Structures are given as C-alpha cells and as structure tokens.
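Please open the model in your viewer and keep the sequence panel beside it, so that each selection below can be followed in turn.

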Protein chains: 2
Amino acid sequence: MPITIAHLGPTGTYAEAAAMVYADQLQQRRQTSVTLEPYPSIAKTLQSLAAGNVDYAIVPVENSIEGSVSITLDTLWQLDNLQIQQAIVLPITHALLSHGENLATIRAVYSHPQALAQCQIWLETNLHHPSLIPTSSTTEALRHLDDRTAAAISSQRAAQLYGVPVLACPINDYPDNCTRFWAVSQQASTHGSHTSLAFSLPANLPGALVKALQAFAHLDINLSKIESRPTKRSLGDYLFFIDLEGSLSTPSVQSALQELATCTETLKIFGSYSILTVTALP
Amino acid sequence: MPITIAHLGPTGTYAEAAAMVYADQLQQRRQTSVTLEPYPSIAKTLQSLAAGNVDYAIVPVENSIEGSVSITLDTLWQLDNLQIQQAIVLPITHALLSHGENLATIRAVYSHPQALAQCQIWLETNLHHPSLIPTSSTTEALRHLDDRTAAAISSQRAAQLYGVPVLACPINDYPDNCTRFWAVSQQASTHGSHTSLAFSLPANLPGALVKALQAFAHLDINLSKIESRPTKRSLGDYLFFIDLEGSLSTPSVQSALQELATCTETLKIFGSYSILTVTALP
C-alpha cells in the first residue's frame, strides 16, 4: 500500500512543496511509494487524517512575518490523537502571476490571506489601488486569471505548472520570509529536539499561567514559542500552545509535564520531533 | 477646542460604537465636546494619533472567538509614546444586510475578515457556497450592495444608518461574541486594574522567555494574557505582548518591571487602565 499525505491544494501550493520534501524523506527511509492528496482547506486536511483516510497531513504552523496560522492550532486542539512527526521550514518567495501585459493594468490581486498580507507593502507601492481578494489557497487564486486585469500571488513553481506568466518576483515585503510546517500522523512520536503541547487552565485561578510556566523554569527547559488562542468560551479565557526545546524521551521533560498536568485543566501533548530547514523550494 | 477621537470607519463600525462609549465618558468627566473621526484602517488610526492629529484613538485588541487583532499589536509596537487609557469590552451581534429578497439568492458576502471568520459556520449552513470577500471594515462592506445577490455582515446600527434591510440576525457562530478595544492617547497612564507591555528578547539566549516571566512570578503578579508576534527578523524570533493584573503605581509592579528590564532587549510599557464592560451596543 502506498503511503498517503494530505495537504492544502490544488497542486502548486507551498504546503504541497513541504509535502514533497517529506515524501522524499519517507521514500528513502521506508522504500515505499508515496501519494500526495490535495484538500480544499487546512481544517479538512487534518480532519481527513483524524478519520484515518490518509497516513499523514502537512499543515502550515507559522510564517516568519505574519505569525501563527490560527486554523491549524484551533483544529489540532479540537481533534484527538494527532502527533507531530517532523517540522519542515521552507523559504517562501512570492511571485505575481497574470496574463495581463504589465503592472499598470492590474486592478485585482487574488491569493491566500497570508500571502496577501506578506506582500502588502509591495502591492501598495507597485500597483494602483488594487482590490485584494482572498482565496482558499495560493493556487486556487489562479482560477481567477481569465480577466487580464487580475493577478495572483503564488509560487514560481505554480506559474510553471499552470502556464501563467510571472509579472514580478520576488514580491514579498521581507526577503527572509519562511513558513514552518508540521508533518502530523496518528503514530506516537516521543523523540526529537522539540516538543509541542497545548493546555487550558482552570477558570479564574489567579497566577495559573505563571504557575504552569514555572513547571518548565524549575527544570531549565527553554520555551521556543508560546501562543495564546481563545477557548471561544468567553473573553479572557485562553488555550496556550507551547513549543519547548527537549524530547518526551528525557526525564526532565517528563517531570515538567507531570508538574504541568497538576495545574492545567486539559493538557494535550502533540509529540516530539526534529526540525528540517530547507534552503530552496522543490 | 473639542476633543477628537480617531476610529476605524466609515460611520457604523463596532470601533465607532466603542468610540461613542468612550466619548460619553470623556464628556461627563471633562464637560467638553467630543468629535469622532473615521479613518480607513486601524494602522492609520494609530499613526494619526502618534502624529498628534487627534487626541485619542480607539482600536480593537482582541475578539473572544477569533483572538488578537495582529495589526493593532504590530502598529502599537512600531510607534512611540502611545499609552492605553481605558479598555472597553463590547458585545458583538452580527447581522446579514442585503437588498436581496432572501438567503437563497445570496452569492457573495462582504465584510471585515474578523466578521467573516466569526460567522463562518452560519454562512456555510445557511447560504449556498457564497464567495466571502473581505473589506477594510464592516461598514465599507455596504458599498457593494447595489447587486442584490450580495450581502454584508455588519451591525444592526449600520443597517439603520445606511437604510439596508436585515436578512438575518444574529448570525455569529458563538452567542457570547465580544471584542475588547483600547482607548489610546499620548498622555501617561499609571493607574488602573491592568497594565500592558511588550518586549523582545536577546537573540538565542536559552531560557530568556521563562526568565522574563519569572519576574512576575516572583512577585505573585498574575498575567491575564500573553501573546507572541513575529519580530519579522527571522523565524523563531518573537515579541511578547503581556497584560497583567496590577497597576504601574504599585511597588510590586514597579519591582517586576525593573527585574524584567534586565533580561529583555527592548521593553515598551503601554500603561495602566481599567476595563469597562458594556452590556448593550450604543
């Protein structure tokens, strides 16, 4: 049976590029064939994995400019038994694709909201007050290019795949633009340089957050990221997503999590994994 | 001279409703007239205040369902000398406005991205695959309603102001939907129940975040919110925005901030303020 990997589609997205990197790794390690399966949304990618329809899902977690991808964190919290196997960091170079003749004729720009946000200064500077229209993915944006006054923000790979000319590249506002993805599956993952988890806290307990974080401070465990998301119950009621440096296989992380469990309401451990940094897009 | 308050416009936005609440407070306290000034974006609202063109700016900070408003945090960090005078929590009840006859004919829904996100389950359930098109504010969305297959998500107050029929209300996915706003000015603010600040950390210093948070733990100061935002320098390099329970006028908060200053790179204090919770929209 080939291994299947779900990712945000259609073909040509950055999530697919991350999935290709991970598929290469799996093929080398397991000597088996791998099939990529595009999905219409990030939430559906993870839901399909939780339902057992695919073996892995590749989802974006955060971008170096725009920050966390909320829908990934919110969906991971809602679903059960999903474990991170690997983090993959991809450089992101956005291009402006259009069948129009030049920048002066562009009136509307389509893309994923994260890509629109990552190019906003360039768009303001180089185009004449275009409408910015969000799509469900960077390649979904290419469906709107029959009109020659429309452009899409997507990758150079997507330009080649769909045969659309590149009007400008790179157009991201910050050159050091990269996105971190997680490869997730239902297998336990207890080894790696980093561990991710999330927790909610008992309501109205003063000092609860600091007490929870002291569980790590006591054991000199470094937190590389902390992110709050609303529980959607009431304003001021949060979930906390934490990335820490250390592995679930070590006694210090195990002790910290035992201490943490005594002061959280719900605690979910998303596993330990290593980070693979890719220097050029596939 | 009348006092001027900048807010996201055009007239009819939730930010304007929060500004009206704050204007009432100012008028009672200072016996002077107050003028509201709409701006085309949240960033421009704060920039106008920093440039001295207005006396106050009212900006959304976080919503109970969708979380933080990143552009508010990012802009506050970039500008200097802005201080929070008051937090205002408003209930948010979204309505679907259209000149169309009924829900079955709606093909496109316009609104601010936060409002679209707060109604996504309702839109999926009650409309037939509409295009969701973001606008710069909930009232900006009303400019697109000449087409009777278009609808906008906005407030019932906006429906009255602009004379657009309400097709459905409420349409937010969670009934307990509210948004916290900050009233910001250039005056020092050192008294109140809560204090907000943000800091960056020295690069690659293990344990830096936990060390910074211990400054509060040592003095039993409760953190009501912690939020990370990218510095936009490189992936994994964050600013941290913190709301704590306590006032800059108390010795314990002053001591904690002195300790914090020794382990941060840049530390910005946004002031102390009280929280006003409004039970019904103006």
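Select B:E140 and show what surrounds it: leaving out residues up to four places away in sequence, B:E140 touches B:P10 and B:T135. In this predicted model, B:E140 is found in the loop of chain B between β8 (131–134) and β9 (150–154). Now display side chains as well, and look at the polar contact, 2.4 Å, that the side chain of B:E140 makes with the side chain of B:R143.

From that loop, move to the sheet, and colour the strands of chain B in the order β8-β7-β9-β6-β10, which is the order of an open sheet of five strands with mixed pairing. The edge strands are β8 and β10 (166–168) of chain B, each of which pairs on one side only. Looking across the sheet, you will find a twist that averages 35° from one strand to the next. Within the sheet, select strand β6 (residues 95–97) of chain B together with β9(B): three bridges join these strands, which run antiparallel, and B:L97 stands opposite B:A152 in β9(B).

Next, select residues 3–8 and 34–39 of chain B, which are strands β1 and β2; they run parallel and are joined by six bridges. Between β1(B) and β2(B) the chain crosses through helix α1 (residues 14–30) of chain B, and this β-α-β crossover is right-handed. To find a matched pair across these two strands, pick B:A6, which stands opposite B:E37 in β2(B).

The next stop is the largest nonpolar core, which has 48 residues. Which residues have the most contacts inside this core? They are A:F216, A:I242, B:F199, B:F216 and B:I242, and you may wish to highlight these five names before going further. Centre the view on B:F216, which, leaving aside neighbours within four places in sequence, is in contact with B:L197, B:I221, B:L223, B:I242, B:L244, B:A256, B:L257 and B:L260. In soluble globular proteins, nonpolar side chains tend to be buried together.

Finally, turn to chain A and select A:A158, whose place is in helix α6 (residues 156–162) of chain A. Is A:A158 buried or exposed? A:A158 counts as buried because its relative accessible area is 0%, where the cut-off for buried is under 20%. Not counting residues up to four places away in sequence, A:A158 touches A:G12, A:L97, A:T139 and A:L142. As a last selection, add A:H144, which lies 14 residues from A:A158 in sequence and 14 Å from it in space, C-alpha to C-alpha.

Definitions and conventions:
Residues numbered from 1 in each chain as written. Chains lettered and ligands numbered in written order. Predicted model: local features only at pLDDT ≥ 70, side-chain atom pairs only at ≥ 80, totals over all residues. Heavy atoms only, no water. Pairing = 2+ DSSP bridges. Helix = DSSP H or I, 4+ residues; strand = E, 2+ residues; numbered from the N terminus. Right-handed = clockwise from strand over helix to strand, strands pointing away. Core = buried A, V, L, I, M, F, W, Y, C linked by side-chain atoms within 4.5 Å. Buried < 20%, exposed > 50% of the residue type's maximum accessible area, 1.4 Å probe, protein only. Contact = heavy atoms within 4.5 Å. Polar contact = N/O pair within 3.5 Å; in protein donor to acceptor, adjacent residues only side chain to side chain. Axes fitted to C-alpha atoms, helices over the stretch in contact; angles between N-to-C directions.
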